[in-house]
Every structure is written in structure tokens, then in C-alpha cells.
Amino acid sequence: MFNKSVHNQQVEKKEDNNLRGYGKIKVEEQGIEVKDIKQVLKSVLPELKREKISRSESCF
Amino acid sequence: MRPVAPETRPSFLMQESFAIDFLYFGLPCIWNEAIDKYLIFSPYRLKIATVNPDIIHSDDTRKKLAQLDFFGVPAKPSKSEKIVKIGLILTTDCNLRCKYCFVVPQARIRYMTPEYAIRIIKEKITPEVEEIYLTFFGGEPTLNMETLKASVEYVQNIGVKANFIINTNGTLSNHDLDYLIEENFTFVVSSDGVPKINDKQRPMLSGVKSSEEIEQTIRRLVETNALFKVRATVTGKSILYLKESIGYWDSLGVKFAHFEPVASSNKEIKYPSQEIYVEQVVGALDEAEKVEMWIISSPFMNLLTPSTYFCTTVAGEDELYTPDGSISLCYRVQEYDHPFKDFIIGKYDVNMDSFNKYSDRINLLKKIDVSTKSNCNNCAAKYICSGGCPLRNKVETGSYMGIDGWMCYIKKALVHDAIIRIDRALDKGQVPIIFGESIFENLSRKRFIKKRR
């Protein structure tokens with residue numbers, strides 16, 4: 001059952017210090033693998049403001 | 001039709017890698033040929049899923065992704081009473097003569113007075129406002145330092161948090177540059193890349209090259225740890241040097257590079273073919289990954305900020321004030337009697353000392369929404385591209401609601417490439433370089449200036 005697989009998400013922690021560490025949620029049995037970008041992004045942006053670009057439109 | 005540079009005409013028809021990409025319940029879904037699987041990107045939850053092709057259309061897959069919180073709603077235009085965003089076009093004058101310039105002809109050069117700039121700021125600062133974002137633009141805005149300094153000083157003394165940004169051609173004096181650095185400005189410095197290209201496309205008024213002065217400015221910004229990006233206009237000629245330019249900027253210490261295809265009414269300016277543009281940008285992105293440079297460009301600029309509308313300025317979230325008293329919703333439209341005067345949505349009445357707004361034009365521009373463009377319905381890039389720049393669409397198709405086919409191709413191809421790049425970067429534990437815009441904007445917005453008292 002899907003709900004069960006979500007509750008039992010297997011979160012892999014990369015131990016290689018050369019990598020910045022990220023959570024990979026595997027749902028392999030269903031043919032879907034999901035990767036989380038938030039953890040990686042935290043290495044450069046602890047907080048990400050999710051606001052549409054205000055003044056750097058495609059022109060500038 | 002765009003004039004295409006002969007040297008960038010493709011010798012063969014490139015396979016369209018994005019041909020089978022599609023919009024998966026509002027999310028970009030692209031086919032990754034290298035692994036024979038689909039990639040579904042959720043900008044809402046910052047996740048990416050690899051999905052086997054045999055289950056991509058199953059209802060079970062959609063339910064599973066919903067359980068993983070993949071789906072969201074693209075943003076619509078909105079305004080906050082607490083935040084005000086103003087662009088001041090300090091002058092239409094410039095000391096460069098860029099081949100593709102869109103600013104008004106020399107005969108109609110104007111400068112904004114300090115008194116008018118302060119009047120504009122006063123108009124926008126209501127008691128509810130807590131933050132002001134002030135962008136200085138031109139022409140070359142540093143040719144009007146008197147008004148710039150008066151605006152900065154006024155804002156610093158009214159008790160709101162202030163954030164300043166300037167778009168400069170990089171040829172300003174050391175004295176002016178140091179003032180702006182001291183005031184914690186964020187910088188956008190125009191540079192078209194390697195000197196042999198920059199100096200052809202962006203000569204000084206006297207005809208001499210501008211690259212040495214631009215380099216000096218960039219080095220000073222690097223030395224002082226200022227936040228800046230270089231901004232390049234890409235033509236049919238310069239596209240062939242984009243990868244080389246990444247290396248050049250890296251050698252100067254540049255960390256953020258922004259490039260956009262040219263949009264010029266000058267018939268002498270050649271466009272790259274769309275296939276060669278994509279091919280060369282992909283090569284430049286590979287180079288940027290090697291040197292770890294953040295990249296900003298419109299096809300993937302809004303990857304993390306999906307929305308139904310193209311740009312915040314056209315949507316009315318920002319307002320631009322020109323030296324002739326007009327209020328514009330596009331940086332390219334800088335005077336009242338402009339051919340695209342639909343973007344002029346108001347005018348200052350000197351006699352009444354008031355700003356009059358044209359609601360019919362405001363409403364016309366507000367209607368430009370990707371939801372109304374049937375051609376975009378199934379496009380993987382729908383809410384990242386948001387239907388493209390209305391002005392470019394008008395120029396190419398005669399209608400704001402049309403679609404500029406040249407940009408459409410480029411965006412589809414580069415969004416496809418971008419999502420594969422995100423997946424690949426995650427496998428290496430790295431932040432994708434194409435998140436440059438979100439990184440830059442978030443860093444810029446932390447640079448508030450406290451009031452001086």
C-alpha cells in the first residue's frame with residue numbers, strides 16, 4: 001500500500017564528506033524515485049524566499 | 001522575421017530533445033533519454049521524481065506524487081502594502097553606444113531631477129510600508145549621481161528598511177563606485193564577455209573599447225566582496241563566444257553571470273539560430289559547472305517560482321518612473337510617446353502635483369496570462385516561461401497574446417536541459433548552477449540598509 005511506503009520512507013544519508021549531504025526518498029517498488037532538493041540548497045541558502053523574481057525579469 | 005547570423009545557421013536539423021516533454025498536472029515532466037525515464041520536477045516542494053515510462057500515465061503514480069506533496073498552485077500577481085518596489089530611470093543619457101540599445105534617441109535625452117525622484121518616493125511610501133526596494137536604471141544611471149545620492153539619502157532617513165540595486169555599464173568612476181559599495185548596493189554590471197566581443201557590441205561614445213574600464217569595476221567589486229552579477233546581451237556573433245566568456249568572467253572573479261538573447265529593432269543586429277543558441281548555451285552551462293559559476297537566464301530564471309504571469313513589472317508589482325514624468329511597466333519603454341505606449345500606465349501632472357494612472361492600459365496588461373494561451377496548455381515549461389515576454393511577443397507576432405516562436409523553442413529546450421541538470425547535480429550532492437537567480441535575489445534581499453539616525 002502506498003501510504004505504508006510513505007511512512008516507511010527510506011532516507012539515505014550520504015556519508016561521503018565530499019558530498020554536501022542530501023535526503024533521497026526511495027519508492028523503488030512503484031518505479032518512482034524521489035530526490036529532495038531542500039537539503040542541498042540549505043548549503044548555500046538556509047532560507048529560500050519563494051517569491052517571484054521582482055526586478056530581474058528576463059531583460060534585466 | 002529575425003535576421004539570423006550566417007555563421008550560426010545550423011548545417012543539420014537538430015533532434016528536438018524536448019519533443020515528448022509535457023505538463024504533468026502543472027509540473028514540468030521531461031524525458032531523460034540517458035536513463036530512459038521521465039523526470040518530474042516540483043518547484044513547490046523542491047523535489048524531483050524519476051518515473052518509469054510504463055507507469056507515467058497511471059492514476060496510481062499521480063496519487064503517489066500527491067501523497068509526497070508534489071503539487072502546488074502557480075503564483076498570480078499580488079502586491080503587498082508593506083513592500084514597495086520602485087525603479088527610477090535616472091537618465092536616458094549614456095556614455096556608451098551599444099549596437100542593440102533600446103533607449104530613446106540622443107535628441108530626447110532627459111535627466112530626472114532630485115526633487116522629482118524624492119516626490120516619487122514620497123508618493124509610494126505610505127504609513128503601512130516597511131520595506132522599499134529601489135532600482136536605479138538608465139541610460140547609465142551613474143551619469144546622474146546627484147539624483148541618485150539625493151534618493152538614497154532621503155530613503156535612509158524615512159525609517160523604512162531599504163534595499164538598493166543599480167544597473168550600470170561598468171564604466172563609472174572609482175569615486176562613484178566606492179560610494180555605491182559603501183552604501184551596500186547590489187550591482188548589475190553589463191559585460192558582453194570576452195573583450196573582442198564586448199568592445200564590438202558595447203563601444204564607448206568616442207568609439208574606443210569599454211572592456212578595460214568594465215574589468216576594473218569588476219575587480220573592485222570582487223576585492224570589496226560586493227554582491228554583483230554581470231549581464232550579457234547575446235547576439236548572433238557573441239553566442240559563439242559564450243563558453244569562452246564564462247572562463248573570462250571567472251578569471252575576473254565573477255560568481256554570477258546573467259545572459260539573455262538580444263531584443264533589438266536594429267536590423268543590423270543578427271540573431272543566432274535557435275538551434276545554435278541552445279547548443280552554445282548548453283556548452284556554456286557545462287563550463288560554468290566546471291568553474292562553479294551561478295548562471296541566470298530567462299529560460300530557467302523562474303524554475304523555483306512558477307507563476308501564471310511573465311514578469312512582475314508588467315503585472316504591476318513594480319513601477320518604473322522615467323525622467324519625462326511617465327510611469328512605465330517595462331524597462332524598454334522609457335518615454336511617453338513610445339511605440340509601445342501600452343506600457344506607459346501613468347503620468348505625473350506638474351500643475352496638480354499628482355500622478356494620474358491609466359486604468360485601461362493597466363487592465364490590458366493584467367489580462368496577459370499564460371492560462372489564456374491555449375498553445376501553452378501542455379507545455380512542460382508553462383509556468384516557468386509563463387507565456388514569455390509580452391513585448392517580445394508583440395514585436396514578433398503583432399499581439400501581446402501571441403507567442404514568440406524563437407523564444408518558445410529556446411525555453412522548451414533549455415528547461416528540458418535544466419531539469420536533467422538538476423537531477424545530475426543532486427546525484428553529486430551539488431546545488432544546480434541554474435538556480436543562480438534565486439540565490440542572487442535571496443542574497444540581495446538580505447542587504448537592507450538601516451535608517452541613519
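This is a dialogue about a predicted model of two chains, A and B.

Biologist: What makes the numbering and the model's limits clear?

Modeller: Residues are numbered from 1 along each chain as its sequence is written, and chains are lettered from A and ligands numbered from 1 in the order in which they are written. In this predicted model, local features need pLDDT of at least 70, side-chain atom pairs count only at pLDDT 80 or more, and totals for chains, interfaces and linings use all residues, while side-chain values use heavy atoms and leave out hydrogens and water.

Biologist: How do you know what confidence chain B has?

Modeller: By pLDDT, the predictor's confidence in each residue, from 0 to 100. Chain B has a mean of 92, and 96% of its residues reach 70 or more. Residues 10-14 of chain B stay under 50. The model scores ipTM 0.85 and pTM 0.90.

Biologist: And what is the average for chain A?

Modeller: Chain A averages a pLDDT of 56, with 33% of the residues scoring at least 70. Among its elements, α1(A) has the lowest mean, 30, and β3(A) the highest, 93. Over residues 1-23 of chain A, pLDDT stays under 50. The model has 42 contacts beyond four places in sequence for that stretch.

Biologist: How many residues does each chain bring to the contact?

Modeller: Contact means heavy atoms within 4.5 Å. Chain A gives 37 residues and chain B gives 63 residues. The two chains bury about 4,700 Å² between them, 60% of it on carbon and sulfur atoms. Buried area is the accessible area (1.4 Å probe) that two parts lose on being put together, summed over both.

Biologist: Why is the pair A:Lys35 and B:Asp427 called a salt bridge?

Modeller: The rule asks for a side-chain nitrogen of Lys or Arg within 4 Å of a carboxyl oxygen of Asp or Glu. The closest N and O atoms of A:Lys35 and B:Asp427 are 2.7 Å apart, so the pair qualifies. The rule finds two salt bridges across this interface. Over all chains the structure holds 24.

Biologist: Which elements of chain A touch chain B?

Modeller: Those giving two or more residues are α1 (2-7), β2 (23-27), β3 (32-36) and α2 (38-41) of chain A. Helices (H or I, at least four residues) and strands (E, at least two) are DSSP runs, numbered from the N terminus. The largest share, five residues, comes from β3(A).

Biologist: How do you know that β3(A) pairs with β4 of chain B?

Modeller: Pairing requires that DSSP find at least two bridges between two strands. Five bridges join β3(A) to β4(B), residues 47-51, so they pair, and they run antiparallel. A:Glu33 stands opposite B:Thr50.

Biologist: What makes B:Arg219 and B:Glu215 a salt bridge?

Modeller: Their N to O distance is 3.8 Å, so the salt-bridge rule is met. Both lie in helix α6 (residues 211-223) of chain B, four residues apart, about one turn of the helix.

Biologist: How do you know that β14(B) and β15(B) pair?

Modeller: Four bridges join strand β14 (residues 344-349) and strand β15 (residues 354-357) in the antiparallel sense, so the pairing rule is met. B:Asp349 stands opposite B:Ser354. In this hairpin, with four residues between the strands, B:Asp353 takes a positive phi near 50°.

Biologist: What makes backbone angles like that worth noting?

Modeller: Most residues other than glycine have a negative phi, and most peptide bonds are trans. B:Phe25 has phi near 45°. B:Phe25 is in the loop between β1 (22-24) and β2 (27-32) of chain B.

Biologist: Why is the bond from B:Gly138 to B:Gly139 listed too?

Modeller: That peptide bond is cis, with omega near 15°. B:Gly139 lies in the loop between β6 (131-137) and α3 (145-156) of chain B.
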